[in-house]
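Hi everyone, thanks for coming. Please have a look at the sequence and the structure on the screen, and I'll walk you through a few places in it.

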Amino acid sequence: MSQSPYISGSTSVSVIMLKVLLALVPGIVAYVWVFGGGVLVSLTLASITALVSEGVMLKLRNRPVRPFLMDGSALVTAWLLALALPPLAPWWLVVVGTLFAIVIAKQLYGGLGYNPFNPAMVGYAVLLISFPVIMTQWPAPLALAHAQLGFADQLHYIFSRGLPVDVQVDAITSATPLDYLKTQLKLQHALADISQAPVFGVVGAKGGELVTGAYLLGGLYLLQQRIVTWHIPVAFLAMLALVAGASSLLDPVHYAGAGFHLFSGASMLCAFFIATDPISGPTTPKGKLLFAAGIGLLTWLIRTYGGYPDGVAFAVLFMNICVPLIDAYTQPRVFGHKL
């Protein structure tokens, strides 16, 4: 018989990051099915930019290049940013956002383990503030698009913004359900009438329900593999559902229900892949619950009353600021220490 101590080996960073990338694959497949293969171009551009910029910064900082490039953290940042951008975003937008995420938000703070803010969300927020028009030009799902572009056409559009002669930009772009809902509510339209628009599905965004469901599937894999704990996903989704459900119950004419908020926008991506970043998040169980609940509340407030359709990025960054305070007040009492 084996004898104690029974100590399990720690999982390496590269293995953790590889499993996160694998968990994103179902969402990427669904993404391609709903919007076409343009997102694969963004993923490739972001990955190359992230690896090159990370390597250059490591070299400038006199740090070993190969170990840090092989840990997979740069690829995770690149993929999360690419999946948050419009799938037909111009190539330079993807490159600029990835450069800012890796160089400014990660490496200039000291690299992996030292960045106080989620690098992917920093890159996204910078792009959204700097290029708001491009960042809101989302393509319509293929099932609803007036003119469908093949992969070759999407590739040409990403690199040159050129379209076939008989296709206009309005034929391939569409307001996201979150943006459409916000705009129509400001025009005093009733929610029951707004929800009949083609962009809405059964409970969330048309086509987006499939993508968010795939992210949920990947998130459950991360929970099963113990890459993330239940605290952040459950607290974020519960708070978002609670405030959305309560407001809808009190005023169903002007507030969308919990199902819409959970299965629209970046809710599931945030719950399992963004908010769970172990570097920029709290370390204590209670802190994780408070951190994620704050993100859920802020996401709903920004979506409902703010100037942006989806508030995930700004909610995450704001709560990143609060992490030191959260950790300070949620540390468990040391055994034998008298308060």
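Let me begin with a word we need: a helix here is a DSSP run of H or I with at least four residues, and helices are numbered from the N terminus. With that in hand, we can place V94: it lies in helix α5. Please keep in mind that this is a predicted model.

So, is V94 buried or exposed? V94 is buried, because its relative accessible area is 1%, and the cut-off for buried is under 20%. Which residues does V94 touch, once we set aside its neighbours within four places in sequence? They are S42, L45, A46, L85 and A89. For a sense of distance, take S14: it sits 80 residues from V94 in sequence, and their C-alpha atoms are 24 Å apart in space.

Now let's look at the whole helix. Helix α5 covers residues 91–104, which is 14 residues. From first C-alpha to last it reaches 20 Å, close to the 20 Å expected at 1.5 Å a residue. V94 has company in the buried set of α5, which also includes L93, V95, G97, T98, A101, I102 and V103. Here is a handy rule for reading a list like that: an α-helix has 3.6 residues a turn, so residues three or four places apart point the same way.

What do the buried residues of α5 pack against? The partners are α2 (38–60), α4 (73–84), α6 (119–130) and α7 (132–135). Let's zoom in on α2. Its axis is 9 Å from that of α5, and the two helices pack at an angle of about 35°. The crossing of α2 past α5 is right-handed. On the α2 side, the residues that meet α5 include L45, A46 and T49, while those on the α5 side include V94, V95 and T98.

Next stop, helix α16, residues 285–305. Its 21 residues should span 30 Å at 1.5 Å a residue, and its end C-alpha atoms are indeed 30 Å apart. Among its buried residues are F291, A292, I295 and W300. The elements covering them include α10 (177–186), α13 (231–250) and α17 (312–330).

W300 brings us to the aromatics. There are nine aromatic pairs in the structure. In one of them, W300 and Y305 meet edge-to-face, 5.8 Å centre to centre with 85° between the planes. W300 is buried, at 8% relative accessible area, whereas Y305 is exposed, at 52%. Elsewhere, Y31, F35 and W138 make up one aromatic cluster.

How many disulfides are there? The count is zero. Why is C322 not bonded to C270? Their sulfurs are 15 Å apart, too far for a bond, when a disulfide needs them within 2.5 Å. C270 is buried, at 0% relative accessibility, and C322 is partly exposed, at 21%.

Last, a bit of backbone. Most residues other than glycine have a negative phi. R161 is not a glycine, yet its phi is positive, about 60°. You'll find R161 in the loop between α8 (151–160) and α9 (169–172), partly exposed at 31%. R226 is also no glycine and has a positive phi of about 60°. R226 is in the loop between α12 (208–224) and α13, and it is exposed, with a relative accessible area of 77%.

That's my tour. Thanks for listening!

Definitions and conventions: Residues numbered from 1 in each chain as written. Predicted model: local features only at pLDDT ≥ 70, side-chain atom pairs only at ≥ 80, totals over all residues. Heavy atoms only, no water. Buried < 20%, exposed > 50% of the residue type's maximum accessible area, 1.4 Å probe, protein only. Phe/Tyr/Trp six-rings, centres within 6.5 Å; stacked < 30°, edge-to-face > 60°. Expected span 1.5 Å × (residues − 1). Contact = heavy atoms within 4.5 Å. Axes fitted to C-alpha atoms, helices over the stretch in contact; angles between N-to-C directions. Left-handed = near helix turned anticlockwise from the far one by under 90°.
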